[in-house]
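Please look over the structure shown here, and then follow the report below, which takes up one helix and the strands beyond it.

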Amino acid sequence: MSGYIVDDAHKITTHRFIEMKHKGEKISMLTSYDYTTAGIVDQAGIDGILIGDSASNVMAGNATTLPITIEQMIYHARSVVRAVKRALVVCDMPFGSYQAGCIDGVKNAMRIIKESGCDALKMEGGIEILDTVKMILDAGIPVMGHLGLTPQSINKFGTYAVRAKDDAEAEKLISDAKALEEVGCFSITLEKVPAKLATIVSNEIAIPTIGIGAGNGTDGQILVVDDMLGKNNGFSPKFLRRYADLNSIMTDAIGNYVRDVKSSDFPNEKESY
Ligand code: KIV
């Protein structure tokens with residue numbers, strides 16, 4: 001939404017997310033990191049787009065989400081915001097932008113909102129980051145929580161396996177979700193947790209839960225767009241459903257282009273000035 005006059009009354013807001021939960025309407029979300037993809041995702045009717053810090057893996061080829069910077073997140077988010085007319089646009093706060101304390105977190109949150117124009121931010125963690133989340137909310141910035149597998153803590157977890165399988169971690173996750181709701185978060189992402197636990201959390205809080213690898217009892221679902229489009233065949237977790245095989249389509253198309261250039265078939269007369 002770039003102009004002063006907002007002409008699309010159907011733009012999805014954080015309030016609409018909460019209404020959708022109350023009406024029992026499932027919320028669809030995908031990630032996007034660039035203008036062209038975000039435009040397609042938006043036009044296809046998605047409810048929310050996340051500029052995930054998974055851009056670190058998907059766009060830059062890093063092994064973890066840890067190296068991506070605020071500047072890089074803002075670059076991706078700005079590109080997405082320019083393309084989106086309808087979906088709610090949420091941007092991840094990257095690792096290191098809010099863990100050092102409240103003031104640092106609020107300043108970085110305001111910077112991402114100001115410089116990218118996104119609608120809301122997502123932050124990983126529960127009680128440990130609650131003061132910072134509260135201060136960001138007090139600054140008028142909507143926050144989506146993120147519990148379960150929180151990839152910014154990969155070096156602490158040591159594995160990308162399913163989280164909260166034992167009672168202690170499950171209980172902490174439920175109390176973290178309630179604390180995030182109480183402080184004013186508009187939604188919570190639940191990543192790679194048992195479906196039964198995700199259903200319990202979803203039933204116990206009034207704000208929508210968005211699951212990834214969290215079963216069908218959450219209020220919405222999110223996937224990484226490049227994964228669900230089948231661009232990257234090397235990543236096949238159990239929770240991923242592939243809706244296309246872009247890897248093969250792109251490889252074939254590029255192979256055909258290479259063949260046509262080599263054989264001097266491209267460009268032909270019609271394709272020349
Ligand atoms: O960064 C990301 O893409 C995410 C989703 C997996 C929820 O946080």
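## A helix and its neighbouring strands

Asp166 caps the N-terminal end of helix H8, with a side-chain oxygen 3.2 Å from the backbone nitrogen of Ala168. This is a predicted model, in which local features need pLDDT of at least 70 and side-chain atom pairs count only at pLDDT 80 or more, while totals for chains, interfaces and linings use all residues. Residues are numbered from 1 along each chain as its sequence is written, and side-chain values use heavy atoms, leaving out hydrogens and water.

Helices (H or I, at least four residues) and strands (E, at least two) are DSSP runs, numbered from the N terminus. The 17 residues of H8 (residues 167-183) should span 24 Å at 1.5 Å a residue, and this agrees with its end C-alpha atoms, which are 24 Å apart. After H8 comes Gly184, whose phi is positive, near 120°.

Among the buried residues of H8 (buried means under 20% relative accessible area, with a 1.4 Å probe and protein chains only) are Ala170, Leu173 and Asp176. The buried residues of H8 pack against the elements listed here.

| Element | Residues |
|---|---|
| helix H6 | 130-138 |
| strand E5 | 143-148 |
| strand E6 | 187-191 |
| helix H9 | 195-204 |

In a regular strand the side chains alternate between the two faces of the sheet. Strand E7 (residues 209-212) is covered on both faces, with Thr209 and Gly211 buried on one side and Ile210 and Ile212 on the other. E6 and E7 pair in the parallel sense over four bridges, where pairing requires at least two DSSP bridges between two strands, and Leu190 stands opposite Gly211 in E7.

Conventions:
Expected span 1.5 Å × (residues − 1). Buried < 20%, exposed > 50% of the residue type's maximum accessible area, 1.4 Å probe, protein only. Contact = heavy atoms within 4.5 Å. Polar contact = N/O pair within 3.5 Å; in protein donor to acceptor, adjacent residues only side chain to side chain.
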